[in-house]
Amino acid sequence: RDFCLSRGLGDVYKRQRGSRYLAGQVMPSGRFVYGWHPCFDRAIKAYNCLRHASSVYAMIEAFEETRDPGLGAAIGRAIDYLTRELIRPVRHQGQDLAFLVEPDGEIKLGGNAVCLLALTKHAEVFRTDIHLPLLKRLGRGVIFMQDEASGAFRHVLTYPDLAVKERFRIIYYDGEAAFGLMRLYALCLLYTSPSPRDRQKS
């Protein structure tokens, strides 16, 4: 029992240290310091939007446990940068969609999926529906990447024409997409279903 307790406390300590490190890498703009070239002593200029979203997701999961105010502030900045700068709206065939777009114009299924996970987790932990309209557009974007007949997902599109670049890239994209859609479905039910009190009134 003592061993399990100490191991559990150690895990909490690791999450606190890890999440504080990530929080320290979020600049005032909400963009992460992506990396550092130690041999040149300068920042890495490249940026990966999928990793931005997945880092935010990890930070929110840590915040759910630690409730660290500095971490919460960093999450706010990073979420704002994600939704304002990295996710782009697309009007396609009468549908309002949204996609996470990489600097090279790639739309990755995994990127959109992890945006769903990060923003639904943000809604759950911070008790807000502020991003629900954007989440619905992202969800429609993921569904757009799915073949209706087979259920298979197209893994990479090009922005803004949404042409298929690669039908398959990484095996775990499909699982992330399905998980993200499930999380979004649950969130939509939470905010659209009547409360027990409302059901009693009706």
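A search of the whole structure, which is a predicted model, finds 12 salt bridges. Side chains of opposite charge can pair when their charged atoms come close. Several of these pairings are described below, followed by a nonpolar patch on the surface and by the surroundings of one histidine.

Among the salt bridges is that between Glu 85 and Arg 84, whose side chains meet with a distance of 2.7 Å from N to O. Glu 85 has a relative accessible area of 38% and is therefore classed as partly exposed, and Arg 84, with a relative accessibility of 44%, likewise counts as partly exposed. A further salt bridge joins Arg 91 to Asp 96, and here the closest N and O atoms lie 2.9 Å apart. Arg 91 is exposed, its relative accessible area being 57%, whereas Asp 96, at 38% relative accessibility, counts as partly exposed. In the case of Asp 147 and Arg 154, the side chains meet in a salt bridge with an N to O distance of 3.7 Å; the relative accessible area of Asp 147 is 26%, so that this residue is partly exposed. Beyond these pairs, a network of salt bridges links four residues, namely Glu 106, Lys 165, Glu 166 and Arg 169.

A nonpolar patch is also found on the surface, where it is formed by Phe 168, Ile 171 and Tyr 172, which together have about 380 Å² of accessible area. Of these residues, Tyr 172 belongs to helix 6, the helix that comprises residues 172-192. The relative accessibility of Tyr 172 is 48%, and the residue therefore counts as partly exposed; the cut-off for an exposed residue is a relative accessible area over 50%.

His 92 provides a contrasting case with respect to burial, since a relative accessibility of 19% makes this residue count as buried, the class being reserved for values under 20%. In the chain, His 92 is placed in strand 3, which covers residues 87-92. When residues up to four places away in sequence are not counted, His 92 touches Leu 97, Phe 144 and Leu 162. The predicted model thus places the buried His 92 in contact with these three residues, while Tyr 172, partly exposed at 48% relative accessibility, takes part in the nonpolar patch on the surface together with Phe 168 and Ile 171.

Note on methods: Residues numbered from 1 in each chain as written. Predicted model: local features only at pLDDT ≥ 70, side-chain atom pairs only at ≥ 80, totals over all residues. Heavy atoms only, no water. Patch = residues over 30% accessible without salt bridge, like charges linked within 9 Å, V, L, I, M, F, W, Y side chains within 5 Å. Areas by Shrake-Rupley, 256 points an atom, 1.4 Å probe, with all protein chains shown as cover. Helix = DSSP H or I, 4+ residues; strand = E, 2+ residues; numbered from the N terminus. Buried < 20%, exposed > 50% of the residue type's maximum accessible area, 1.4 Å probe, protein only. Contact = heavy atoms within 4.5 Å.
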